[in-house]
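I am opening a fresh notebook page to record what I look up in this model, working from the fold as a whole down to single residues.

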Amino acid sequence: MVTSVGTEDDKLEMLQDLIKLDYAAAEAYEAAVERLDNTIYKQQLAAFMRDHERHIEELAPIVRQMGGEVPDSGGAKEMLTEGKVVLGSLLGDEAILKAMKTNENDTNTAYERVVEKAPPGALAIVQRGLADERRHLEWILAQLGEEAPAGRARSVRDESSRPPGMR
Ligand SMILES: [Fe+2]
Ligand SMILES: [Fe+2]
């Protein structure tokens, strides 16, 4: 499943869905961190989880200003391809990183769409959010020894940051 976030006609609904997506991502990261063995992976994914939580905090006042209710969870609908339930059942660091790669492909796709359609008051925040999402995906790809797909590559990979144990 590829995320539909960012395809909404209504901008308020789009930003509410983006918050739900960030909740789903934070929850998936939480489940991933619990199951990972590698300490460096745990620390890095915990930091990514906090980025998603910060995105929610930054988007919330904008949604409120637009007269909308701020979602307080990912909601009933599956927002991510590999949600927290899937993450909670995976074994092995590589399987977990691959699942989070799939999820970050979703968040990157969603943020890329939202940047194109964001109301002026939200633009700077979603642009910074997109930069975070790209960094998340690039880091995961680097651990897996994979290249960023064309058009999505942004920064040079830092090979020295790759922890031992996975190639
Ligand atoms: Fe986010
Ligand atoms: Fe992310």
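The entries below go from the overall make-up to the core, then to the helix pairs and a few acidic residues.

**Entry 1: overall make-up**

I note before anything else that this is a predicted model. I counted the secondary structure elements and found five helices and zero strands in the chain, so that the order from the N terminus reads α-α-α-α-α, as the helix definition used here counts them. I then looked up burial over the chain, and 41% of its 167 residues count as buried. For the contacts between residues at least 6 apart in sequence, I find that 67% join residues at least 24 apart.

**Entry 2: helix α1 and the core**

I turned to helix α1, which covers residues 11-35 and has 25 residues. Its first and last C-alpha atoms are 36 Å apart, close to the 36 Å expected at 1.5 Å a residue. I also checked how covered this helix is, and 18 of the 25 residues of α1 are buried, which leaves the helix mostly covered.

Which residues have the most contacts inside the largest nonpolar core? I find that this core has 41 residues, and that those with the most contacts inside it are L15, L18, A28, Y29 and A32. At least two core residues come from each of α1, α2 (39-65), α4 (93-117) and α5 (120-144), and α1 gives the most, with 13 residues. I keep in mind the general remark that nonpolar side chains tend to be buried together in soluble globular proteins.

I followed L15 further, setting aside its neighbours within four places in sequence, and the residues in contact with L15 are L59, I62, V63 and A122.

**Entry 3: α1 against its partners**

For each pair I wrote down the angle between the axes and the distance between them, since these are the quantities by which two packed helices are described.

I began with α1 and α2, whose axes cross at roughly 160° and come within 9 Å. An angle over 145 degrees counts as roughly antiparallel, and α1 and α2 are therefore roughly antiparallel to each other. The crossing of α1 and α2 is left-handed.

I then took α1 with α4, which pack at an angle of about 160° with their axes 11 Å apart. That makes α1 roughly antiparallel to α4, and the crossing of this pair is left-handed. On the α1 side the residues that meet α4 include L18, A28 and A32, and on the α4 side I noted M100, T107 and V114 among them.

**Entry 4: α4 against α5**

How are α4 and α5 oriented to each other, roughly parallel or roughly antiparallel? I looked up an angle of about 155° for the packing of α4 and α5, with their axes 9 Å apart, and the two helices are therefore roughly antiparallel to each other. Here too I recorded a left-handed crossing, as α4 passes α5. The α4 residues in this interface include L97, M100, Y111 and V115, and they belong to a set that meets α5 residues including V126, L130, L137 and L144.

I checked the length of α5 as well: at 1.5 Å a residue its 25 residues should span 36 Å, and the end C-alpha atoms are 37 Å apart, which agrees. Just after α5, I noticed that G145 takes a positive phi of about 70°.

**Entry 5: three acidic residues**

I looked up D51 in helix α2, where 18 C-beta neighbours inside 10 Å make D51 count as partly exposed. D51 and A25 are 26 residues apart in sequence, and their C-alpha atoms are 9.9 Å apart in space.

E53 is also placed in helix α2, and with 16 other C-beta atoms within 10 Å, E53 is partly exposed. I find the C-alpha atoms of E53 and A25 separated by 8.9 Å, with their positions 28 residues apart along the chain.

Is D106 in helix α4 buried or exposed? I find D106 buried, with 23 other C-beta atoms within 10 Å, where 20 or more are needed for a residue to count as buried. D106 and V5 are 101 residues apart in sequence, yet 8.7 Å apart from C-alpha to C-alpha. Not counting residues up to four places away in sequence, D106 touches V2, T3, L80 and T81.

Methods: Residues numbered from 1 in each chain as written. Chains lettered and ligands numbered in written order. Predicted model: local features only at pLDDT ≥ 70, side-chain atom pairs only at ≥ 80, totals over all residues. Helix = DSSP H or I, 4+ residues; strand = E, 2+ residues; numbered from the N terminus. Buried ≥ 20, exposed ≤ 12 C-beta atoms within 10 Å, placed from the backbone. Contact = placed C-beta atoms within 7 Å. Expected span 1.5 Å × (residues − 1). Core = buried A, V, L, I, M, F, W, Y, C linked by C-beta atoms within 7 Å. Axes fitted to C-alpha atoms, helices over the stretch in contact; angles between N-to-C directions. Parallel < 35°, antiparallel > 145°, perpendicular 65-115°, else oblique. Left-handed = near helix turned anticlockwise from the far one by under 90°.
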